[in-house]
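Hi,

Here is the structure I promised to pass on. Have a look at it first, and then read my notes underneath.

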Amino acid sequence: MNNQITNVYIWDMDETLILLKSLLNGSYAEAFAGLKDAQKGVEIGKMWEKHILQISDDFFFYEQVCLEIENCNKPFLEALSKYDDGQDLSDYDFNQDGFSPPHDDLNKRKLAYRHRIIANKYKQGLHNILDQEMMDVWDALYKMTDEYTDGWLSSARALLEQCLAGNEDPTICNTIAGGVVRSNATGSRHINVLVTSGSLIPSLVKCLLFRLDNLISHENVYSSWDVGKLQCFQWIKERFDNRNTRFCAIGDGWEECEAAQAMNWPFIKVDLRPNSSHRFPGLTLRTVGFYFSIVYGNPDSENDDD
């Protein structure tokens, strides 16, 4: 369909889709002027940190790839795909393959193998990685965090679902390959993309732990750690752009704001303060549609809550 509109939603992670840094440093509780137990927030944040690092190290090569060997963080999992020769990795021993500096073609291939395994584990989900005891711990921590933050996690996730559907009813859509959704009602395409300042592997693990993995595919997770958000935004534009593509960035920081301005994209600034409408719960599909219409006009907006 030549006139099909594609909406690309470009999300920040920390203090946008999830809360972590603001729990650890107490700024989330401070915004409530004494109504929130700041120490409880810190304790919740520390538990998340522990699980993120543990799972990153135990199942996603984080210690080996990024801590023991410098400069191995990549901006996205497909960055080294050209070095992957497709070798069967079912009996491959990642502990004995000699992966190390320098970053020559041989070691880039070994890193590409690791990225392939990470992508497969992401697609399979945590229920295929963690045992039942750990799953129960994770589930309890998610519920505790969502309760402490008045539903921030679940409402952010709900808006991601609505964005993909282009409708407040996320069932009115068909999922297609690559984390893209086509709305049954309009034929439009909707894509969630994550651009985070964190390093890539822990960011993918955060997506899994915070239940975002079925709403943001691994191909659509970008780390701006080394390259900056503007570069990531430029890559996203090159990847998805056509004359009917519309982009909107959502985040809490100055870097994504400046990058969106440089790209002439609408930007929605997330605000932790409880009286703000640009937070979770609070931010709605109607608001996102309003920001789209400011830049792109509103002749056939799919994002109004009719």
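Leaving aside neighbours within four places in sequence, which residues is Asp14 in contact with? They are Leu20, Lys21, Lys206 and Asp252. Before I go on, bear in mind that this is a predicted model.

I started with Asp14 because the UniProt annotation "active site" covers Asp12 and Asp14. That comes from an unreviewed entry, so to speak with the usual pinch of salt. In that record, the annotation takes in both aspartates, Asp12 and Asp14. Of these, Asp12 is among the residues lining the second largest cavity.

**The two aspartates**

Both sit in a loop: Asp12 lies between strand 1 and helix 1 (21–24), and Asp14 lies in the loop between strand 1 and helix 1 too. Are they buried or exposed? Asp12 has a relative accessible area of 6% and Asp14 has 9%. Buried means under 20%, so Asp12 counts as buried, and so does Asp14.

For Asp12, again leaving aside neighbours within four places in sequence, the contacts are Leu17, Leu194, Val195, Thr196, Lys229, Ile250, Gly251, Asp252 and Glu256. Asp252 therefore turns up in the list for Asp12 and in the one for Asp14. The Asp12 side chain also makes a polar contact with the side chain of Thr16, at 3.4 Å.

**Strand 1**

Just before that loop comes strand 1, residues 6–11, where six of six residues are buried. Side chains in a regular strand alternate between the two faces of the sheet. Here Thr6, Val8 and Ile10 point one way, while Asn7, Tyr9 and Trp11 point the other way, and all are buried.

What does strand 1 pair with? One partner is strand 4 (residues 189–196), parallel to strand 1 and joined to it by six bridges; there, Tyr9 stands opposite Asn192. Another is strand 6 (residues 245–251), also parallel and also joined by six bridges, with Arg246 as the bridge partner of Asn7.

**Helix 8**

Lys206, one of the Asp14 contacts, belongs to helix 8 and is buried. Helix 8 covers residues 200–209, and 10 of its 10 residues are buried. Among them are Leu200, Pro202, Ser203 and Cys207. After the helix comes Arg211, with a positive phi near 65°.

Tell me what you make of it once you have had a look.

Cheers

Definitions and conventions. Residues numbered from 1 in each chain as written. Predicted model: local features only at pLDDT ≥ 70, side-chain atom pairs only at ≥ 80, totals over all residues. Heavy atoms only, no water. Buried < 20%, exposed > 50% of the residue type's maximum accessible area, 1.4 Å probe, protein only. Helix = DSSP H or I, 4+ residues; strand = E, 2+ residues; numbered from the N terminus. Pairing = 2+ DSSP bridges. 1 Å grid on protein atoms, 1.4 Å probe; cavity = no way out; pocket = protein on both sides within 12 Å on 5 of 7 lines; lining within 4 Å. Contact = heavy atoms within 4.5 Å. Polar contact = N/O pair within 3.5 Å; in protein donor to acceptor, adjacent residues only side chain to side chain.
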